[in-house]
Every structure is written in structure tokens, then in C-alpha cells.
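Please read the sequence and the model side by side. The paragraphs below go through chain B, then a core, then several parts of chain C.

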Amino acid sequence: MSAPITKPESSRRQFFNGTVRGAFLFLLGAATTLLFRRSQPKRTVWQIDPYKCICCTRCATECVMHPSAVKCVQVYPMCGYCKLCTGYFEPEPISLDTGAENQLCPTGAIKRRALEDPYYEYTIDEPLCIGCAKCVKGCVLFGNGSFFLQVRHDRCVNCDECAIAIACPPQAFQRVPADKPYLMKDREHQA
Amino acid sequence: MRRLVRGCLWLALLGLPLASAFGVERFPPPEFDAGYKMPVTTVPAARAQWLSYLDVAVLVAALALTSHLVLRKRSRDGVLAVSVFSLLYFGFYQQGCVCSIGSVQDITLALFNSGYVVPLTTVAFFLLPLVFTLFFGRTFCAAVCPMGAIQDLTLLKPVKVPAWLEHVLGVLPFVYLGAGILFAATGSAFIICEYDPFIALYRRTGSFGMLALGAAFLIAGIFIGRPYCRFLCPYGALLSLVSRYSKWGVTLSPTDCIHCQICDTACPYGAIADPTLKDPHPDPRKRKRRLIALAALVPLLVVLGGWLGGRLGVPFSRMHATVSLAEQVAAEDAGKVKELTDASKAFRQTGQPAEELYAEALRVRGRFVGGSVWFGAFVGLVFGVTLISVSEPRKQDIYDPHPGDCVSCGRCYVYCPKEIVRLKRIQSKNVIPLTPVRGEQKS
Amino acid sequence: MMSDALNSPAKATRRQFLRRSVGGASLFGLGSASGLLSFPAQAEKPVVGKGGGGHTLGSEFTYDLSKFYKTDPALIQYDEAAKITTGFKELRAIAVGPADHVYAAGDQVVRVFNKAGERVSEFELGDRPRCLAVAATGNVFVGMKDHVEVFNTSGAQHARWKSAGSDAVLTAVAVAEKDVFVADAGNRVVLRYDLSGKLVGRIGKKNPEKHIPGFIVPSPYLDLSVGADGLLWVVNPGRHRLEAYTFDGDLQSFWGEESLGVKGFCGCCNPIHFARLPDGRFVTSEKGLPRVKVYSTKGDFEGVVAGPELFPKQIENPHTAGVSGVCMDLAVDSTGRVLLADAFTREVRVFTRKK
């Protein structure tokens with residue numbers, strides 16, 4: 001078994017096949033250089049520019065992952081720690097407690113914890129979050145916008161063509177370097 | 001250029017904390033008396049760069065190993081083992097992405113739109129299987145492609161697809177390839193990825209539609225050998241084209257086929273080409289006339305296809321977001337629709353003039369119409385060539401795998417009686433000394 | 001032997017093999033070269049999607065305030081009578097001075113307009129203004145981020161007070177007869193200065209003994225005003241109420257409640273600004289659900305000056321609605337006209353009572 005078994009072929013066919021093979025080789029060579037010039041070795045990943053997000057819920061529906069790889073994050077230094085958090089409570093809550101009927105989040109993914117008076121801490125329970133941005137809109141509309149959506153890279157499969165990116169109405173998705181994969185909001189944008 | 005801009009952006013972002021010292025103000029968070037410590041928002045890292053290089057390395061290794069197993073070892077068991085590995089690595093671990101099938105679209109987009117920077121890994125996943133196929137046949141399909149592997153492993157009760165149906169369905173991959181290229185080249189959608197049947201399975205999550213599609217293909221695949229590979233896979237279409245002219249490839253007994261037809265029955269993929277012993281056209285004049293007619297039909301089909309494709313260009317172009325947005329905005333401005341869409345709202349907020357959007361949409365539509373003409377013509381050509389190849393099958397006098405259709409799974413090796421004898425002999429050569437024991441060394 | 005026949009490789013000699021390999025390699029190389037030459041590598045146009053497709057989730061997943069965006073016409077007591085175009089890139093604050101002149105601060109300038117809206121004068125500042133107040137004498141007190149600067153009637157700088165600290169974010173100034181009150185949202189306190197800029201006291205720090213709950217200020221909005229009643233009124237936005245303090249810092253009374261409905265203050269922290277009508281009633285402005293309303297001296301809701309429908313740009317884009325930088329500063333002149341600084345149109349919008 002020193003060499004693969006080759007087909008006994010007529011020399012005409014052999015010649016023809018060889019020619020076509022040569023042509024394919026030529027094409028592959030052309031494709032290789034061309035593509036290498038249009039490619040980059042540095043990995044990039046998808047991320048949302050939180051200042052462009054319009055909270056349309058497509059992050060929840062379009063992602064190939066179910067639930068979405070996009071989740072809400074809480075940037076604590078931006079949070080007002082409000083008693084009446086518009087990202088946590090329904091627009092017209094019956095009372096300001098953790099009752100399910102008062103909670104804005106459809107999946108109950110926000111945890112509220114009383115700190116010292118009058119402050120409350122709000123934390124995202126990420127496995128429950130589906131990225132619908134309902135709380136983001138509530139927070140950004142009235143509050144400081146410390147809730148916002150980010151692509152979570154422990155979950156994102158980094159499709160070359162991101163399904164959310166094509167559907168995103170304000171084009172808030174962009175590619176960022178893989179070693180700096182988040183576009184976090186910053187308190188600097190405040191005041 | 002884009003990279004430059006991006007670089008500047010990052011510089012600017014990095015510079016922000018610096019800038020804060022010179023005038024950008026920060027509003028202090030509440031003061032907590034009881035020693036509350038603010039949690040830090042977690043930032044799970046993206047997949048490391050070196051892992052994508054590992055993927056390429058594993059791809060090369062798997063391709064080389066499979067080629068070796070198929071062509072040298074002629075070992076079905078080996079191929080099976082690699083299949084299982086590929087299913088686990090490229091399928092479940094890598095979650096089916098990057099894959100060579102989808103890479104066709106990245107490559108297309110990169111070729112047609114120089115603004116698209118394609119990852120190097122994707123280029124490798126596109127080119128390497130093609131190179132291997134050019135030399136060794138479709139060994140990629142045999143055991144490296146996770147889509148092929150899962151279908152190969154779940155094929156339990158193969159049913160033969162009638163030859164005519166096989167021919168008709170065999171056109172589909174090329175049509176799909178053409179459509180995939182059209183939509184990728186115009187930057188509107190990666191349809192091959194969108195309708196990938198098994199990726200939802202590898203991710204173990206997905207929309208209902210995707211999961212249902214996957215289930216349908218898996219169930220069909222129990223009876224019909226590799227339904228996706230044979231009747232849809234666009235990359236398979238490319239590979240089968242290249243494989244026809246491969247240097248080496250799967251072949252059974254080269255000289256002494258005994259026409260037992262066992263391989264033909266054994267091959268679940270209908271890839272064993274029958275010998276053309278009996279001339280299908282006994283009357284050479286008739287045959288010649290038929291060939292001429294068919295040859296004349298091809299350009300006709302191409303023109304017809306091109307014409308039909310051109311007509312489809314405008315409706316196709318609505319798949320492109322810019323075109324659909326432009327139509328929406330135009331309809332809103334004309335007062336035809338009352339309800340604004342999120343996209344049109346977002347567009348209006350940017351303050352970009354509608355004329356720019358219309359111009360861009362018209363440009364995209366123009367590309368679509370041009371592309372659709374090519375697409376239609378290509379489909380016409382595929383139909384024509386298929387007709388010719390059906391009426392004029394490749395000449396051979398033995399049962400042997402068709403180099404284009406054969407996915408190098410190695411099943412036929414196990415069944416071919418001549419092959420069994422050959423293997424036995426090699427085995428015995430290794431075990432029993434070749435000196436005749438009872439004087440019957442000749443067989 | 002048959003096994004040989006079966007096993008026979010293509011009888012390509014080594015030289016043949018070499019020749020073919022070289023041939024193949026050169027073809028590949030030739031192709032590479034042509035690939036290098038035939039296409040430009042530069043980007044012509046970056047790829048961006050302009051999303052239109054996709055579907056959205058049902059109403060239980062969307063934050064919808066649209067039912068609050070319409071105001072009951074019966075409640076609207078004011079008409080928009082005029083607009084003063086300030087010409088600022090960024091309009092930060094307004095105040096009314098002697099002769100009902102309108103002082104608008106923005107960019108690094110204070111512009112003065114007469115009652116008819118014509119520009120009377122302007123003077124340059126050395127810094128970005130955040131708030132201002134005009135004394136009866138005509139002196140202008142401009143709050144920068146962390147300190148106050150005083151200008152005389154002709155716009156010459158009179159004094160520059162000491163900084164209130166690096167955390168300070170000044171958001172409002174009010175001038176009484178002998179005192180100047182400055183709201184420091186960053187430190188969540190009201191600073192009491194005398195007219196010369198000496199810090200006299202701090203008002204509103206949490207103090208359970210004096211039953212002062214402390215200001216809850218999640219974002220840089222903390223407005224104050226000195227009324228004819230001799231009290232210092234300060235917004236406590238996180239508690240959705242207005243609180244009255246004596247100049248010495250004792251809490252006297254408060255009013256206000258939270259609600260999205262028109263009678264209360266919406267969101268997490270509102271109102272963001274307020275002003276007093278000549279008869280002591282209150283005019284308030286809110287962000288998030290942008291609206292301007294009138295309350296009685298006791299804090300009972302009376303009517304609407306401007307409903308959300310008058311602020312379409314704030315409603316459209318969630319990011320501009322809530323985050324700071326939304327200027328809806330209010331001022332009232334001697335005839336009871338309500339002046340509103342609209343950061344989005346960069347105009348001073350003038351509202352007069354319906355007849």
C-alpha cells in the first residue's frame with residue numbers, strides 16, 4: 001500500500017483532467033492572494049453601541065442563540081440606586097416592592113436589594129435576561145441609563161454575519177477588537 | 001481605511017479617562033455610609049485568538065488524516081472515527097461556526113465589497129478543503145465537515161433515490177450556491193447560514209424554525225443518505241466540481257471489476273457510476289443529432305435564465321435592508337403608509353437626507369438586477385449541462401464511484417469482494433511468511 | 001501477480017512527479033500573482049446593514065408610555081406665545097432680571113433679551129455655565145461646575161468665588177436679599193453664601209434629629225428658589241417633592257408625590273426645575289415624560305403649561321430624554337409669563353395664560 005490506487009484512465013481524459021486541475025490551481029492561487037489581502041488576522045467581535053440602541057427588542061428575537069447572547073448589564077457607578085427605579089418597576093406600580101406585579105422585567109431578571117436608606121441596589125440575573133431592553137428603556141428614559149444592552153461574549157458565537165446586526169434599525173452593532181470586546185457606558189458622558 | 005478609523009475610535013475611547021482630567025465632568029454616585037462596595041460589571045472575554053488558529057490546525061490535520069485513511073488505508077472504520085471527532089469538535093465544540101459551507105458567502109462578500117474585512121480563519125476554512133479536494137477528492141465531505149458527519153452517522157436505513165430524481169435534485173446545490181452568492185455579493189443576507197439545518201443542533205439552541213428544519217433533515221437523513229450534502233449543500237456543489245478533476249480519488253478495483261454490483265447497492269449516496277457497457281445510443285446519427293440539439297439548447301437556456309433572473313432582480317432587492325428602508329421611507333413620505341417602522345424612525349433621527357438613501361437603494365437595486373441576470377444565466381447553464389451529462393454519461397467499463405458525487409465515505413471498500421480479497425491478501429502477507437506452505441501460492 | 005496489478009500505483013517516475021509538482025506550483029503562483037494585480041485591496045465602502053427586517057416582541061416586552069404622551073386639553077391652561085432663539089449650541093439655563101429681561105446662559109456666554117425677545121446685550125464667560133440668577137440690583141450670579149462667578153450689569157466680572165470642591169456640580173443659584181443659595185447636586189447639599197461669597201451654611205444634609213431626610217440626587221438636577229414667603233424651596237428629586245427650608249436649614253414643609261399621571265411627578269427623579277409665579281404658585285418641569293405644570297402654593301395640581309406633545313424630540317429618542325443635559329430650566333417674569341429653556345430647540349419658549 002505504498003501509493004493510493006489510481007484509476008486506469010485514458011490518456012485523453014488524463015490530459016483533460018490535468019488541464020482543468022491546473023486551471024483550478026491557478027484560480028485557487030488567485031483567490032488566495034486576493035483573499036489574504038482582504039482579510040485580517042486580528043479577531044474582531046460584535047458589540048452594541050449603547051448610545052445608539054433604541055430598545056426595539058430585536059436583540060431578543062433575532063439572535064441565533066435562544067435566549068439571546070445580548071443581555072442587559074448594570075454599570076453600578078452610573079446607577080442612581082433609586083427607590084423608584086424606572087428600570088425595575090412597571091410604569092405605574094401598585095406599590096414599590098418586589099411583588100411580581102410591580103416588576104417591569106418580563107422574566108424577573110432584575111434583583112432588587114435594599115441598602116441603607118434611601119438606596120437600593122439593582123442587579124441583573126443574567127441567565128434570566130433575554131435582552132428585550134424593556135428595562136433599558138425605562139432606565140434611559142427617566143434615569144441615568146446605567147442599564148444597557150451588551151453582547152455577552154461568553155454566549156455570543158460571533159457569527160460572521162450577525163443576525164441582529166442586520167436587523168438593528170439604528171445600526172448600533174459594530175465590530176470591535178476581540179481583546180476589547182465591550183462598549184461600556186461611562187459616567188464621563190454624564191453631567 | 002476602515003481599520004484606521006476604528007483604530008482612531010479606540011484611541012479616542014482610551015483617551016477618555018485622560019480627557020476627564022481636562023474638563024469632562026463626572027457626576028458622583030451616591031455616598032454610602034454603611035461601607036457598601038459597588039460591584040464591578042463582569043466582562044466575559046471573547047474566544048481567544050489562538051483558538052481560531054487551533055481550529056485551522058485541526059482542520060488541516062483532519063483533512064490530511066481523512067485523505068490518508070480514505071486513499072491509503074482504505075479504512076471505513078478510520079473515516080467513521082474521524083467523523084465522530086469532527087462532529088464533536090467542529091460541530092458541538094466549535095458550534096458549527098466557522099464552517100466552510102458558510103464561508104462561501106464571506107468570501108463572496110469580500111470579493112465584491114472591499115470594505116468587508118474577512119477573518120483569516122474563514123479564508124482558511126474556504127480554501128483548504130478546496131485544495132485538498134483538488135488532490136484527494138471529497139475527503140472533506142467524508143469526515144471533516146460536521147454537517148456531513150452528522151448525516152453520515154445518522155444514516156440507518158438507506159433508501160435508493162431514483163436516478164431521475166437524483167438528477168433533478170442534483171441541480172439544487174448549484175441554484176442554492178448561485179443564490180447564496182447573489183445575496184452575499186449584494187450584502188443583503190447570508191442565506192446559507194440562515195437556513196443551515198444543523199447549526200441549531202450544534203448550538204443546542206435556536207429558533208423554532210431552525211430546530212424544526214434540523215429535525216426534518218435528521219429524520220429524512222435516516223432514510224435518504226446525506227440529503228443536505230447531495231441536494232442542497234452549495235459548498236458540496238463547488239467541491240463536486242473540483243473533485244471531478246482531482247488528482248486522486250476513491251476508486252474500487254481498477255482492472256478486474258466482476259460487475260457484482262454490490263458496491264452500487266451498498267453506496268447509500270447513489271455515487272457509484274454504472275459502467276457504460278451498453279451503448280445507450282445505438283444509432284450514432286440519432287445520438288449526434290441529439291447532442292447538437294442539446295448543445296444548441298444550452299445558450300438558449302442561459303439567455304432565458306438571464307432574462308428571468310433580470311425580472312426577479314427588483315423583488316429580490318427587497319431582501320436588502322437599504323432597499324426596503326428606502327421603500328418604506330418613500331411610502332411614508334408619499335403618505336401611503338401611516339405606521340412608521342423602527343428602522344424608518346431610526347433613519348429619520350439620523351437626519352440623513354432621504355435622497356441619499358434613495359440613491360444608495362437604487363445603486364443596490366442596480367447591483368441586484370445585474371447580479372440576478374448572472375444568477376439566472378448560471379441556473380440556465382446548470383440545467384443545460386445537467387441535460388447533457390444525463391444524456392451523455394461519463395464513459396467507463398466498470399462500477400466505480402463517480403468522482404463528483406462520491407463523498408469518500410469508504411463504505412464501498414467494505415463491500416467490494418475484490419477489495420476484501422485484496423485486503424485479506426495484504427493482511428496475510430504481513431502475518432504469514434510468503435513462502436508457500438502447501439504449494440498453492442497462486443490464487 | 002494479481003495483487004501487484006491491484007496494488008499498482010500510477011507508474012509515474014520520480015522525475016515526472018517532480019515536473020508535475022513544479023508545474024502545479026507555478027500555476028498556483030501565477031494565479032497568486034494575477035490575484036495580486038487584478039483587484040485593489042483598499043476598501044471602497046464599508047459594509048453596514050441598515051436594519052429593517054426582523055420582528056419584535058409583544059407589548060409585554062416593550063416599555064410603552066404613549067398613553068401618557070397626550071394631555072387632556074381641558075387641563076392645558078397656557079398657550080405657547082413666543083420663542084426666543086438664543087443662538088447657542090448648548091443652552092444651559094435661564095433667569096429673569098430687572099425689567100423682565102431674559103438672561104440665557106449657554107456655551108460660554110450670557111445673552112440678555114428684552115421682553116419682546118430682542119437681544120439687548122451679551123457678555124463672555126470664562127467657563128461653561130450651568131445655572132444663573134439675577135439679583136434685583138442687576139448683578140448676575142453664574143454657577144459654573146464648581147464655583148460661582150458674579151458679573152455686574154455691564155457684564156464685567158465682579159467676583160469669582162471659591163470652588164465648592166472637586167465633587168461639586170452646581171445646578172441652581174437663587175439670590176435673596178442678603179444671601180445667595182447654590183444647589184450642589186454632586187454633594188447633594190444647598191450651600192448658603194453671603195453676597196460677598198463667604199460660605200455661611202449648608203442646608204439639607206441628612207439629619208434624622210431635625211427630620212431632614214436628605215436630598216436624593218441620582219443625576220445632576222437639583223433646583224432651588226427663594227420665595228416671597230421667605231423660605232428656601234428646594235427640589236428633592238429622588239423623593240419627587242419640593243421641600244421648604246428656613247435660611248438656617250430647618251425643614252418647614254414639603255409637598256409632591258410620584259406618579260406618571262398628570263398630578264404627580266414621573267420617573268425616578270423629578271421635577272428637574274421649578275419657578276414661582278408672582279402669586280407664589282409653582283411651575284415645575286419634568287424629564288423623561290417632558291411636561292411643565294402648575295401647582296398651587298399648597299402643592300395642589302392646577303393645570304398644565306406644556307404637555308409631552310410639545311417636546312417631540314425628547315420623546316423620540318430615549319437617550320436624550322433622561323440622561324443629563326436635558327435643560328428644561330424655568331423662569332417666570334413679573335407678568336406671569338412662563339419661560340422655558342428648551343435644550344433641544346435651543347430656544348426660550350414663552351407660555352402665556354389662556355384667556
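Two strands count as paired if DSSP finds at least two bridges between them. The model shown here is predicted. In it, β1(C) and strand β24 (residues 347–353) of chain C are an antiparallel pair with seven bridges. This pair will come up again as part of a sheet.

Chain B is a suitable place to begin. It contains 21 helices and three strands. Of its 443 residues, 44% are buried. Among the contacts in chain B with a separation of 6 or more, 83% are between residues 24 or more positions apart.

The domain assignment splits out two parts of chain B: domain 1 (52–254) and domain 2 (284–391). Between the C-alpha centres of domain 1 and domain 2 of chain B there are 27 Å. Where they meet, 13 residues of domain 1 of chain B are in contact with 14 residues of domain 2 of chain B. On the domain 1 side, helix α9 (residues 172–185) of chain B gives the largest share, seven residues. What kinds of residue make up that side of domain 1 of chain B, nonpolar, polar or charged? Eight are nonpolar, five are polar and none is charged.

Next comes the core. The largest nonpolar core has 264 residues, and V136(A), L132(C), F141(C) and V173(C) are those with the most contacts inside it. Domain 1 (52–254) and domain 2 (284–391) of chain B both contribute residues to this core, so it lies between them. L132(C) can serve as an example. Leaving aside residues up to four places away in sequence, L132(C) touches A93(C), A95(C), Y103(C), A105(C), V110(C), V140(C), F141(C), V142(C), G143(C) and V173(C).

A residue in a helix of chain C gives another case. L30(C) is located in helix α2 (residues 14–38) of chain C. Is L30(C) buried or exposed? A residue needs 20 or more C-beta neighbours within 10 Å to be buried, and 12 or fewer to be exposed. L30(C) has 15 C-beta neighbours inside 10 Å, so it counts as partly exposed. Apart from residues up to four places away in sequence, L30(C) touches F26(A) and G29(A). L30(C) and C268(C) are 238 residues apart along the chain, and their C-alpha atoms are separated by 68 Å.

The strands of chain C come next, starting with a hairpin. Strand β4 (residues 109–113) and strand β5 (residues 119–124) of chain C pair in the antiparallel sense, with five bridges. Within this pair, V112(C) is opposite S121(C) of β5(C). Five residues lie between β4(C) and β5(C), and G117(C) in the turn of this hairpin has a positive phi of about 95°.

An open sheet in chain C has four strands in the order β10-β11-β12-β13, with antiparallel pairing. At its edges are β10 (170–175) and β13 (199–203) of chain C, each of which pairs on one side only. On average, neighbouring strands of this sheet are turned by 20° against each other, direction ignored. Four bridges link strand β12 (residues 189–194) of chain C to β13(C) in the antiparallel sense. One bridge is from Y193(C) to its partner L199(C) in β13(C).

The pair from the beginning belongs to another open sheet of four strands in chain C, with the order β1-β24-β23-β22 and antiparallel pairing. β1 (78–85) and β22 (330–332) of chain C are at the edges with a single partner strand each, so one side of each has no neighbour in the sheet. Here the average turn between neighbouring strands is 25°, direction ignored. Where β1(C) meets β24(C), T85(C) is opposite E347(C).

Strand β23 (residues 338–342) of chain C is mostly covered, and five of its five residues are buried. In a regular strand, side chains alternate between the two faces of the sheet. For β23(C), V338(C), L340(C) and D342(C) are on one side and L339(C) and A341(C) on the other, and all are buried.

β23(C) also takes part in two hairpins. With β22(C), it pairs over three bridges in the antiparallel sense, and L330(C) has L340(C) as its bridge partner. Five residues lie between β22(C) and β23(C), and G336(C) in that turn has a positive phi of about 90°. Five bridges join β23(C) to the antiparallel β24(C), with L339(C) opposite V350(C). The hairpin of β23(C) and β24(C) has four residues between the strands, and R346(C) in its turn has a positive phi of about 55°.

Definitions and conventions:
Residues numbered from 1 in each chain as written. Chains lettered and ligands numbered in written order. Predicted model: local features only at pLDDT ≥ 70, side-chain atom pairs only at ≥ 80, totals over all residues. Contact = placed C-beta atoms within 7 Å. Domains from an automatic or database assignment. Nonpolar A, V, L, I, M, F, W, Y, C, P; charged D, E, K, R; others polar. Core = buried A, V, L, I, M, F, W, Y, C linked by C-beta atoms within 7 Å. Axes fitted to C-alpha atoms, helices over the stretch in contact; angles between N-to-C directions.
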